[in-house]
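Me: I'd like a close look at one part of this model, the surface that faces the DNA. Please keep it brisk.

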There are 2 protein chains.
Amino acid sequence: MAPHTGTASGERRRATIEDVAAAAGVSVATVSRAIRGLPNVAISTRERVSKVADELSYRADPAASRLATGRSQSVGVAVPLLNYWYFSQVVSGAEAVLAAEGYDMIVIGVAGDDARRALLDGATSIHRRVDGLVFVDVPLGDDDTEFLRSRGLAVVTVGNHNAHFPSIGIDDVAVGEIAAEHLLGLGHTRIGIIGGQTGGPLDFPVPDLRRTGYERALRRARIDVDPALEVVGNFSVLGGRDAADSLLATHDRPTAVFAMSDEMAFGALLSAREHGLDVPGEISIVGVDDHDVSVVVGLTTVRQPVADHGARAARLVIEQLTGREVGPTRVERPVELVVRSTTAPLTTARNEVHRPETRSKP
Amino acid sequence: MAPHTGTASGERRRATIEDVAAAAGVSVATVSRAIRGLPNVAISTRERVSKVADELSYRADPAASRLATGRSQSVGVAVPLLNYWYFSQVVSGAEAVLAAEGYDMIVIGVAGDDARRALLDGATSIHRRVDGLVFVDVPLGDDDTEFLRSRGLAVVTVGNHNAHFPSIGIDDVAVGEIAAEHLLGLGHTRIGIIGGQTGGPLDFPVPDLRRTGYERALRRARIDVDPALEVVGNFSVLGGRDAADSLLATHDRPTAVFAMSDEMAFGALLSAREHGLDVPGEISIVGVDDHDVSVVVGLTTVRQPVADHGARAARLVIEQLTGREVGPTRVERPVELVVRSTTAPLTTARNEVHRPETRSKP
DNA sequence: ACCACCTCTGAAAGCGCTTACATGGACGCG
DNA sequence: CGCGTCCATGTAAGCGCTTTCAGAGGTGGT
């Protein structure tokens, strides 16, 4: 059936633009124009070409188009840790709009300093593999920025703000303030805070900002910031648990905890239970994000529209790609306190210190 | 500095293989061979070439390589819903090994019948964009299979089993049996089951298998299977809650519930709480997966190595790509019952029916 | 000294598109 | 009726690699 039979057997050769041209009795240039909807093609020709193309189930080879045009029709999404709820939501949001716009989404894990590698280094360089990139909470150095700009890549950041690229995010200082104020409003004065880590894949400025908000709220309420009440939880459930452990084991433990993510808050919940502390009777806990599961455990949290971050970032990348010059604007999305059942007014009775159950650490 | 200055200003043209060849005083063919480590290149030549390449920070344009070789050095991962814990874990596992092996991972959301579209249809066709594909719980029809084989794509499935491709998964019948037997062993006889949905993006055979295991265990214990105890929860937290709602609202409600995923089990937990039922005092709940958060809520569950599925699938794709002929084998991974605190022996006292709190549905 | 046989290298033909640039005809207008 | 325009189409030059084929030396055996 096909004019050229392909390899030895079976597997028929895919139709190329030449096949279509021959079958439609036009030149390849016309086929190219007709199929991509370019102007200056007679209607009759266009119809004939697309009919033939359909019959041959022709599809332009992306590799060839890429080579010829220099555009890959795909955008990269770089995330530190793909298996964290937050990142998976962002990626999910981005995927939806990228797919809808006909772009491939290639996701790039950039845990640790591989971030650099993925950008600049050898074989792994994203050079020419994507038209644009969204960076989700990955720290960009000056040289990274320079590299990206010199390549003419369309980039958008989520979370982190970078002077040279548009970014999507929330007011992280406000997040800290909202959480702390909620707790302060309930009468708590000793408020623990579980934050990010320094170094490692999750080394980004967000934790600092949220802490700043927390401290600001405390100062405003004329309460001293006690450095002993701050501990890192690396944004995971288990990290949050360990962090809370150290907080709750202290002699003068806090009556409330602000965890900078819901997953860490879950860990804190776990820790509280293991320490035999009633939540919110003996300790209040508030998180950030509004994780799917938060409603299940009744977690009070500061909600942000996570998947939407990804969607907007993707849209912004595409806008840059389709001509519109997008400045290095910062899109700030709203956050919202969602009060559930892990926070309650401080009870006046002084909490006694409980002895934690023994437990083997994983 | 560069022989050809690029566009109008700034942005220097990237070095091509020709630039390297010229600078090293050899032909492009030799550069190609030298850089890719092919044999028959004098050591001195190879060193000179790679030195020059480094200096020019040359990197082969992937589009050009793809066109010339026909290989894209990327594999697609198709998942129904990217924002579900299970899928994000699988993707995460796959990403790690793909990145390590130098492949791009393009993730493709295939909710609903878009699955077909992503495979066969027009602009979205994966034709020539990937060398291989892993399908995570996406149903493959005969024509899909035929399409994939005719294209010579390396494919691996996770979850679903397909006669023509290797697959990674677990013994889902056993999962149902293990869960049910655990509950039966605790004395429960009325065991609700929250399963998948029919139709929609999550229409795959796994729920049937797990139900089969559940029924098998019941029959073995000489307990009739009550169709009224089966309800669908579409694998989400909220779906699980609604499903549990309908189970718990019945006059003769179950004393235990087997949810086919932890997320649905979370929903069931929520529902139980809203119905004022003590877990595990009045109702036992068991899930499947061992979600990150399961430890927090103390959920008893049947654990499977989710991220590992993705890693193994990716590895299998790569093996096919690098020559090794991998048969349509089925790799069955172990599952394990993890007993926590949402399951307990049936109390002899007949549970009274509680009236659910009023609640507005979202 | 001759020949067979390696090893290393280069020339050139693609891979399948896109896109100036050129061309020919139809049409409008003075 | 002649000429300038404009539209539809074709020609061909890339895009930046890979890979076949052939050739130039160099080695070793006889």
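Which element supplies the largest share of the surface near DNA strand D, and how many residues does that share hold?

Reply: Helix α4(B) does, with four residues. Near means that a heavy atom of the residue lies within 4 Å of the strand. Helices are DSSP runs of H or I with at least four residues, strands are runs of E with at least two, and both are numbered from the N terminus.

A word on conventions. This is a predicted model, where local features need pLDDT of at least 70 and side-chain atom pairs count only at pLDDT 80 or more, while totals for chains, interfaces and linings use all residues. Residues are numbered from 1 along each chain as its sequence is written, chains are lettered from A and ligands numbered from 1 in the order written, and side-chain values use heavy atoms, without hydrogens or water.

Start with DNA strand D. It has 26 residues around it, and Ser27(A), Thr30(A), Thr45(A), Ile17(B) and Ser32(B) come nearest. Both chains take part: α2 and α4 of chain A and α2 and α4 of chain B each give at least two residues to this surface. By class, the surface holds twelve nonpolar, nine polar and five charged residues. Here Ala, Val, Leu, Ile, Met, Phe, Trp, Tyr, Cys and Pro are nonpolar, Asp, Glu, Lys and Arg are charged, and the others, Gly among them, are polar.

What does the protein meet on strand D? Of the strand's atoms within 4 Å of the protein, 68% are sugar or phosphate, and the rest belong to bases. Now the polar contacts, which are pairs of N or O atoms within 3.5 Å; within protein, one atom must be able to donate a hydrogen and the other to accept it, and residues adjacent in sequence count only if both atoms are side-chain atoms. A polar side-chain atom of Thr45(A) sits 2.3 Å from a phosphate oxygen of strand D. Asp61(B) uses a polar backbone atom, 3.4 Å from a phosphate oxygen. Arg33(A) reaches a base: a polar side-chain atom lies 2.8 Å from a base nitrogen of strand D.

Turn to DNA strand C. Its nearest residues, out of 26 around it, are Ile17(A), Ser32(A), Thr30(B), Arg33(B) and Thr45(B). Sugar and phosphate again make up 68% of the strand C atoms within 4 Å of the protein. The contributors of at least two residues each include α2 (28-35) and α4 (62-69) of chain A, along with α2 (28-35) and α4 (62-69) of chain B. Helix α4(A) has the largest share of this surface, with four residues. The class count is twelve nonpolar, nine polar and five charged.

The contacts on strand C follow. Ser32(A) places a polar side-chain atom 2.5 Å from a phosphate oxygen. An N or O atom in the side chain of Tyr58(A) is 3.0 Å from a sugar or linking oxygen. The side chain of Arg33(B) has an N or O atom 2.8 Å from a base nitrogen.

Last, confidence. Chain A averages a pLDDT (the predictor's confidence in each residue, from 0 to 100) of 89, and 88% of its residues score at least 70. In chain A, residues 1-10 stay under 50, with five contacts (heavy atoms within 4.5 Å) beyond four places in sequence. Residues 350-362 of chain A are also below 50. Where pLDDT is low, predicted coordinates should not be read in detail.
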